[in-house]
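User: I am new to reading protein models, and I would like a close look at one part rather than a quick tour. Could you take me carefully through a contact between charged side chains and then set it in its surroundings?

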Amino acid sequence: MAQAVQKMVAKIPSLVGAAVTYSKPRLATFWYYARVELVPPTPAEIPKAIEGASNLVKAFQAGRLGQTTVKDAVRNGLVATEVLMWFYIGECIGKGSLIGYDV
């Protein structure tokens, strides 16, 4: 038993080195995209977002919703699903559990 533990302990530095070597390029890629994609909107982007939302409402009122292509409809559905999932994840984090609030 002691020899098995010694062998395992002897392998730990090489396993840690391999894990670091494996994860460095992947973490670099993650941080590259995180700096670009996970930043809050700048003040210059807020009017563009408001304009886009108002254009969407106008298109819905004018009946142009039926002229949406399947590709655009799927893309819009996926974006809406992503927003909802982030909302639900935030709710679970805020509650501290998956089930109910402590009232």
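Analyst: Read from start to end, the chain follows the pattern α-α-α, with three helices and zero strands, and please keep in mind that this is a predicted model. The part to look at lies in helix α3, which covers residues 70-95 and holds both R75 and D72, three residues apart, or about one turn of the helix. These two side chains form a salt bridge, in which the closest N and O atoms are 3.2 Å apart; this pair fits the definition because a salt bridge asks for a nitrogen of Lys or Arg within 4 Å of a carboxyl oxygen of Asp or Glu. The structure holds one salt bridge.

How covered are the two partners? R75 has a relative accessibility of 42% and so counts as partly exposed, and D72, with a relative accessible area of 30%, is partly exposed as well. In the chain as a whole, buried residues make up 2% of the 103 residues, while the exposed surface comes to about 9,600 Å², of which carbon and sulfur atoms supply 69%.

The wider setting can be described through charge and overall dimensions. The chain carries 11 positive and 7 negative side chains, and the centres of these two sets lie 13 Å apart. Its C-alpha trace spans about 75 × 40 × 30 Å along the principal axes, and its radius of gyration is 24 Å, whereas a compact globule of 103 residues would have one near 13 Å.

Methods: Residues numbered from 1 in each chain as written. Predicted model: local features only at pLDDT ≥ 70, side-chain atom pairs only at ≥ 80, totals over all residues. Heavy atoms only, no water. Helix = DSSP H or I, 4+ residues; strand = E, 2+ residues; numbered from the N terminus. Rg over C-alpha atoms; globule rule 2.2 N^0.38 Å. Buried < 20%, exposed > 50% of the residue type's maximum accessible area, 1.4 Å probe, protein only. Areas by Shrake-Rupley, 256 points an atom, 1.4 Å probe, with all protein chains shown as cover. Lys, Arg positive; Asp, Glu negative; His and termini not counted. Charge placed at Lys NZ, Arg CZ, Asp CG, Glu CD.
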